[in-house]
Amino acid sequence: MPYHTYPYELPPLPFDYDALEPYIDAETMHYHHDKHFKTYVDELNKTLAQYPRLQKLTLPELLSQKSLPVKILNNAGGVYNHTLYFSGLSPAGCACHQPSGEMLRLIEETFESFENFKEIFMSLAKDVFGSGWTVLFLTPQGQLKIANLKNQDTLLPMNYFPILYVDVWEHAYYLKYKNERVKYLENIWNVLDFPMLEQTGKSIR
Ligand code: MN3
């Protein structure tokens, strides 16, 4: 998913809205992709229309600027984060839901096992207060780390390399799971696509 410049387009969902059932329901996918994600794209375009100087920058370039109007920062972050989230999901039932090769080796080296990594990741995601994201990323030195991001903050100012983004905003799960964020977090492993996550992470820089 190479990044273009202004005007941005909503990337189409790469599968049917009900394809992630029962883990993520069709109604949530409709609202999340066609309303929430689309609003970030529309608002970013509307705001950038007033800033010709910023229109030639790609999304990562834009988000790496030292000072941005807050409306651009929030909406550009929303587009960037949701692009990573949606492109890292795929229907249940393939080998892609388990990391393999170099990624598995790195996860085991850093967190002892994939199971242990999932526990640590979910425990951090449970702690997100308000709206935000839990993310797995590589530092420029090649270390694998997990962190929480607030609202639509991104990893770009730190020059970190994104791998796995899990949306912990209530809109990502509330229609189906209501207040049970933990169940959403337990179920999402059934639909994460690790090869796709790595590929997107590489192309998004
Ligand atoms: Mn979201």
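Me: What makes the phi of Glu112, the residue that follows H4, worth a look?
Reply: In this predicted model, Glu112 comes after H4 and has a positive phi, near 75°. Most residues other than glycine have a negative phi.

Me: Which residues of helix H4 are called buried, and what does that word require?
Reply: Buried means under 20% relative accessible area. In H4, which spans residues 101-111, the residues that meet this cut-off are Met103, Leu106, Ile107 and Phe111.

Me: How do you know that the buried residues of H4 line one face of the helix?
Reply: Looking down the axis of H4, you find its buried residues within an arc of 100°, so they line one face. The general background helps here: an α-helix has 3.6 residues a turn, so residues three or four places apart point the same way.

Me: And what is exposed on the other side of H4?
Reply: There you meet Gly101, Glu102 and Glu109, which are exposed; that label asks for over 50% relative accessible area.

Me: What covers the buried residues of H4?
Reply: The cover includes two helices, H5 (114-126) and H8 (194-203), along with the strands E1 (132-138), E2 (144-150) and E3 (161-167).

Me: Let's turn to the metal. What makes an atom a donor of the manganese ion, and which residues supply the protein donors?
Reply: A donor here is an N, O or S atom within 2.8 Å of the metal. NE2 of His32, NE2 of His82, OD of Asp167 and NE2 of His171 lie 1.9 to 2.2 Å from the manganese ion, and they are its protein donors. Along the sequence, the spacing of these donor residues reads H-x49-H-x84-D-x3-H.

Me: Why can you say that His32 and His82 tie together parts that are apart in sequence?
Reply: His32 belongs to helix H1 (residues 26-48) and His82 to helix H3 (residues 70-87), so the pair ties together parts that are 50 residues apart in sequence. Both His32 and His82 are buried.

Me: Which peptide bonds are called cis, and what are their omega values?
Reply: One is the bond from Tyr6 to Pro7, which is cis with omega near -5°. Another runs from Glu21 to Pro22, also cis, with omega near 0°. Pro7 sits in the segment before H1, and Pro22 has its place in the segment before H1 too. As a rule, most peptide bonds are trans.

Me: Why is Asn159 called partly exposed?
Reply: Its relative accessible area is 46%, and partly exposed covers what falls between the 20% and 50% cut-offs, so Asn159 earns the label. Asn159 is in the loop between E2 and E3, and its phi is positive, near 60°.

Me: How do you know that Lys178 counts as partly exposed?
Reply: The relative accessibility of Lys178 is 41%, so it counts as partly exposed. Lys178 is part of the loop between helix H6 (174-177) and helix H7 (181-187), and phi of Lys178 is positive as well, near 50°.

Me: Finally, what lines the largest pocket, and which helix gives the most to its lining?
Reply: The largest pocket has a volume of about 240 Å³. It is lined by 17 residues, and the closest to its centre are Pro12, Pro14, Phe86, Ser87 and Met196. H1, H3 and H8 each supply at least two lining residues, and H3 gives the most, with four. By class, the lining has 10 nonpolar, six polar and one charged residues.

How values were computed
Residues are numbered from 1 along each chain as its sequence is written. This is a predicted model: local features need pLDDT of at least 70, side-chain atom pairs count only at pLDDT 80 or more; totals for chains, interfaces and linings use all residues. Side-chain values use heavy atoms; hydrogens and water are left out. Buried means under 20% relative accessible area, exposed over 50%, partly exposed in between (1.4 Å probe, protein chains only). The arc is that of the directions from the helix axis to the C-beta atoms. Contact means heavy atoms within 4.5 Å. Donors are N, O and S atoms within 2.8 Å of the metal (3.2 Å for Na, K and Ca); water is not among the atoms, so sites may look incomplete. On a 1 Å grid over the protein atoms alone, a cavity is a set of points where a 1.4 Å probe fits but cannot get out, and a pocket is an open set with protein on both sides within 12 Å along at least five of seven lines; lining residues have an atom within 4 Å of a point. Grid points are joined across faces, edges and corners, and a volume is the space filled by probe spheres set on the points. Ala, Val, Leu, Ile, Met, Phe, Trp, Tyr, Cys and Pro count as nonpolar, Asp, Glu, Lys and Arg as charged, and the others, Gly among them, as polar.
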